[in-house]
Amino acid sequence: VPELPDVELRRRYLDATALQRRVDHAMVPESRVLEGSADHLRRSLNGRRLVGSRRHGKHLFARLDDGSWLTLHFGMTGRLVAFASLGDEPEHCWLRLDLNDGMHLAYVCPRQLGHVGACSDADEYVADHDLGPDALDLGEDVFLQRLEGRRGQVKLTLMNQRVLAGLGNVWTDEVLFQDGLHPTTPIPDLDEARRLQLFRTMHRVLAEGVERGADPERMPDTWLLGHRDEGARCPRCGGEIQRVEVSGRAGYLCPEHQERPGG
Ligand SMILES: [Zn+2]
């Protein structure tokens, strides 16, 4: 599932394959991923040049030369694919940009759980979707503000896109694992020093995740990412990795070294 580090890589891929190119033609079939009509998206893109990009949590925005934005969200399985020949168009392509350098960029989303659309203002889109600040771009003061008054468990709070945008099941598990914090710890049990430690861990894990290409194979062996199996050995302390299901999603933790402060 594309979370912040994965989306940041997609942003860089978009920059490398489409930035400063003009969209000669946008192919938009009817699909469930469309936010707004296919016709509106086509008209927003046709003839426009892509001049910038921005990530906000799990959302990617591409700025067009008229000041409007293409919005992309990748759901469970979405990705971008650039290719040279139309015969190589991947399956499940719900948006295809035919660029003036002869290349094509496809938004591919097999399960159609992502979203694609056009909007006039990215900040307004973020506000309309009630998204919290981007989890990698925010500073510690804002992080403390976002946790202020929260009563829920730390894992669910970090995954709540209204609190912070960008963390999902996998990267939240990684942050908590490295921080030594149990996922069910209630936010009120964390004092300010502990919250700041959590912020720093989150920032370090996300930044390193991006740097290493968000690829579980390339993460250090001391990370949880390569050990997400029930009964696996914890690479930190030798404890037994435990699987817990939270709202239908499999989470992993080490009950030995991930503690509940005050609990
Ligand atoms: Zn452990």
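Where is A214 found? A214 sits in the loop between helix 7 and strand 9. I will come back to that residue twice. Before that, one caution: what you have in front of you is a predicted model, and everything I say today is computed from that model.

Let me start with the metal site. Which protein atoms are the donors of the zinc ion? There are three sulfur donors, the SG atoms of C234, C237 and C254, and one nitrogen donor, ND1 of H257. These donors lie 2.1 to 2.3 Å from the zinc ion. If you follow the chain, the donor residues are spaced C-x2-C-x16-C-x2-H. One pair of donors, C237 and H257, links distant parts of the chain and is 20 residues apart. C237 belongs to the loop between helix 7 (192-211) and strand 9 (242-246), while H257 belongs to the segment after strand 10 (249-253).

Why is the arrangement around the zinc ion called tetrahedral? The angles that the four donor atoms subtend run from 103 to 122 degrees, and that makes the arrangement tetrahedral. For reference, the ideal angle for four tetrahedral donors is 109.5 degrees.

Is H257 buried or exposed? H257 is buried, because its relative accessible area is 17%, and buried means under 20%. C237 has a relative accessibility of 39%, so C237 counts as partly exposed.

Next, empty space inside the protein. Rolling a probe the size of a water molecule over the atoms shows where empty space is left. How many cavities of 30 Å³ or more are there? The count is one, and the largest cavity holds about 40 Å³ of space. Its lining consists of L70, L72, L80, L95, L97, L105, A106 and Y107. Strand 4 (69-73), strand 6 (93-99) and strand 7 (104-108) are the elements that give two or more residues to this lining. Strand 7 gives the most, with three residues. As for character, the lining of this cavity has eight nonpolar residues, no polar ones and no charged ones.

Now the open spaces, the pockets. The largest pocket has about 300 Å³ of space. Of the 13 residues that line the largest pocket, K58, H73, G75, H115 and Q161 lie nearest its centre. What is the makeup of that lining in nonpolar, polar and charged residues? For the largest pocket, it is four nonpolar, six polar and three charged.

The second largest pocket has a volume of about 200 Å³. This pocket is also lined by 13 residues, and those nearest its centre are V1, P2, D6, R10 and A214. That is the first return of A214. Helix 1 (4-18) and helix 6 (169-179) each supply at least two residues of the lining, and helix 1 gives the most, with three. The lining of the second largest pocket divides into nine nonpolar residues, one polar and three charged.

A few words on the backbone. Strand 2, residues 50-56, and strand 3, residues 59-64, run antiparallel and are joined by six bridges. L50 stands opposite L64 in strand 3. The two strands form a hairpin with two residues between them. In the turn, G57 has a positive phi of about 60 degrees.

Most residues other than glycine have a negative phi. Which brings up A214 again: A214 is not a glycine, yet its phi is positive, about 50 degrees. A214 counts as buried because its relative accessible area is 12%. Q112 is another residue other than glycine with a positive phi, near 55 degrees. You will find Q112 in the loop between strand 7 and strand 8 (115-119). With 18% relative accessibility, Q112 counts as buried.

One last residue, R204. R204 is in helix 7, and its relative accessible area of 39% makes R204 partly exposed. How many residues apart in sequence are R204 and Q178? They are 26 residues apart in sequence, and in space their C-alpha atoms are 10.0 Å apart.

To close, three places to find in the structure. Look for the zinc ion with its donors C234, C237, C254 and H257. Look for the hairpin of strand 2 and strand 3, with G57 in the turn. Then look for A214, in the loop between helix 7 and strand 9.

How values were computed. Residues numbered from 1 in each chain as written. Predicted model: local features only at pLDDT ≥ 70, side-chain atom pairs only at ≥ 80, totals over all residues. Heavy atoms only, no water. Donors = N, O, S within 2.8 Å, 3.2 Å for Na, K, Ca; no water. Tetrahedral: all angles 85-135°; square planar, octahedral: opposite > 155°, others 65-115°. Helix = DSSP H or I, 4+ residues; strand = E, 2+ residues; numbered from the N terminus. Buried < 20%, exposed > 50% of the residue type's maximum accessible area, 1.4 Å probe, protein only. 1 Å grid on protein atoms, 1.4 Å probe; cavity = no way out; pocket = protein on both sides within 12 Å on 5 of 7 lines; lining within 4 Å. Points joined across faces, edges and corners; volume = space filled by probe spheres on them. Nonpolar A, V, L, I, M, F, W, Y, C, P; charged D, E, K, R; others polar. Pairing = 2+ DSSP bridges.
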